[in-house]
Amino acid sequence: TAANRSVPEEALMLTGDENIIDINFTVFWRIREADVFLFNIAAPELTVKAAAESAIREVIGHTPFARVNDNRGTIEADTRQKLQQILDGYDAGIQVTQVNLQKAEPPGAVIDAYNDVQRAKADLERQVNEAQAYRNDMGL
């Protein structure tokens with residue numbers, strides 16, 4: 001089973017360096033033990049959704065904003081592991097097979113400003129490199 005829907009107020013999360021990020025992800029899971037699945041939890045889909053949101057918020061909360069896209073695989077694996085631990089604690093009879101991070105970017109309201117900052121950082125780095133090249137050419 002996989003659930004994929006966009007709920008903007010649930011997608012905004014706080015990163016480890018206190019920036020806000022807009023994240024969409026998908027969780028794939030299967031029933032591991034049918035009897036446990038049927039009788040131990042009342043609403044399995046809602047339980048997986050709530051537990052998945054909790055797990056990803058914990059992982060993102062320990063990850064700096066700039067590293068989220070660079071560490072997608074680690075974030076997905078850590079979230080899957082934490083989610084599985086939560087569900088095992090509930091004795092839910094569910095096996096999480098995969099977590100896919102689909103979107104991880106600044107919120108729409110600030111994306112233009114974020115892109116401006118990224119371009120400014122790239123310009124700064126380019127200018128520093130040009131200055132160092134000039135210094136080297138001058139033999140200093």
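This structure holds one aromatic pair. The two rings belong to W29 and F37, with centres 6.0 Å apart and planes at 40°, so the pair is tilted. To see where that word comes from: planes under 30 degrees apart would be called stacked and planes over 60 edge-to-face, so 40° falls in the rest. W29 and F37 are both buried. Before I go on, please keep in mind that this is a predicted model.

Next, the strands. β1 covers residues 12-14, and β1 pairs with β2 in the antiparallel sense over three bridges. One residue to find on your screen is L14, whose bridge partner in β2 is I20. The two strands make a hairpin, with five residues between them.

In that loop between β1 and β2 sits E18. What is the sign of phi at E18? Phi of E18 is positive, near 65°, and the residue is something other than glycine. Is E18 buried or exposed? Its relative accessibility is 65%, and the cut-off for exposed is over 50%, so E18 counts as exposed.

There is a second residue to put beside E18. D91 is not a glycine, yet D91 has a positive phi of about 50°. You will find D91 in the loop between α4 and β3. With a relative accessible area of 39%, D91 is partly exposed. The reasoning is again by cut-off: 39% lies between 20% and 50%, so the label is partly exposed.

Back to β2, which runs over residues 20-31. I20 belongs to this strand. I20 is partly exposed, at a relative accessible area of 47%. If you want a feel for distance here, the C-alpha atoms of I20 and I31 are separated by 34 Å, and the two residues are 11 apart along the chain.

On which strand does N24 have its bridge partner? The partner is K103, in β3. β2 and β3 pair in the antiparallel sense, over 10 bridges. So far, then, β2 has come up with two partners: β1, over three bridges, and β3, over 10 bridges.

Now the interior. In soluble globular proteins, nonpolar side chains tend to be buried together. Here, the largest nonpolar core has 26 residues, and F25 and V27 are the ones with the most contacts inside it. Which elements give two or more residues to this core? They are β2, α3 (44-61), α4 (72-89) and β3. Of these, α3 gives the most, with seven residues.

The next topic is empty space. Rolling a probe the size of a water molecule over the atoms shows where such space is left. I will take the second largest pocket, which holds about 280 Å³ of space. How many residues line this pocket? There are 15, and the closest to its centre are F65, A66, P106, Y114 and Q118.

As for the elements, β2, β3 (94-105) and α5 (111-138) each supply at least two residues of the lining of this pocket. The most comes from α5, with three residues. By type, the lining of the second largest pocket divides into 10 nonpolar, three polar and two charged residues.

Last, a residue from α5, the helix that holds R135. R135 counts as partly exposed, at 42% relative accessibility. The C-alpha atoms of R135 and E105 are separated by 37 Å, and the two residues are 30 apart along the chain.

To recap, with the structure in view: look for the tilted pair of W29 and F37, then the hairpin of β1 and β2. After that, find F25 and V27 in the largest nonpolar core, and finish at the second largest pocket, where α5 gives the most to the lining.

Methods. Residues numbered from 1 in each chain as written. Predicted model: local features only at pLDDT ≥ 70, side-chain atom pairs only at ≥ 80, totals over all residues. Heavy atoms only, no water. 1 Å grid on protein atoms, 1.4 Å probe; cavity = no way out; pocket = protein on both sides within 12 Å on 5 of 7 lines; lining within 4 Å. Points joined across faces, edges and corners; volume = space filled by probe spheres on them. Helix = DSSP H or I, 4+ residues; strand = E, 2+ residues; numbered from the N terminus. Nonpolar A, V, L, I, M, F, W, Y, C, P; charged D, E, K, R; others polar. Phe/Tyr/Trp six-rings, centres within 6.5 Å; stacked < 30°, edge-to-face > 60°. Buried < 20%, exposed > 50% of the residue type's maximum accessible area, 1.4 Å probe, protein only. Pairing = 2+ DSSP bridges. Core = buried A, V, L, I, M, F, W, Y, C linked by side-chain atoms within 4.5 Å.
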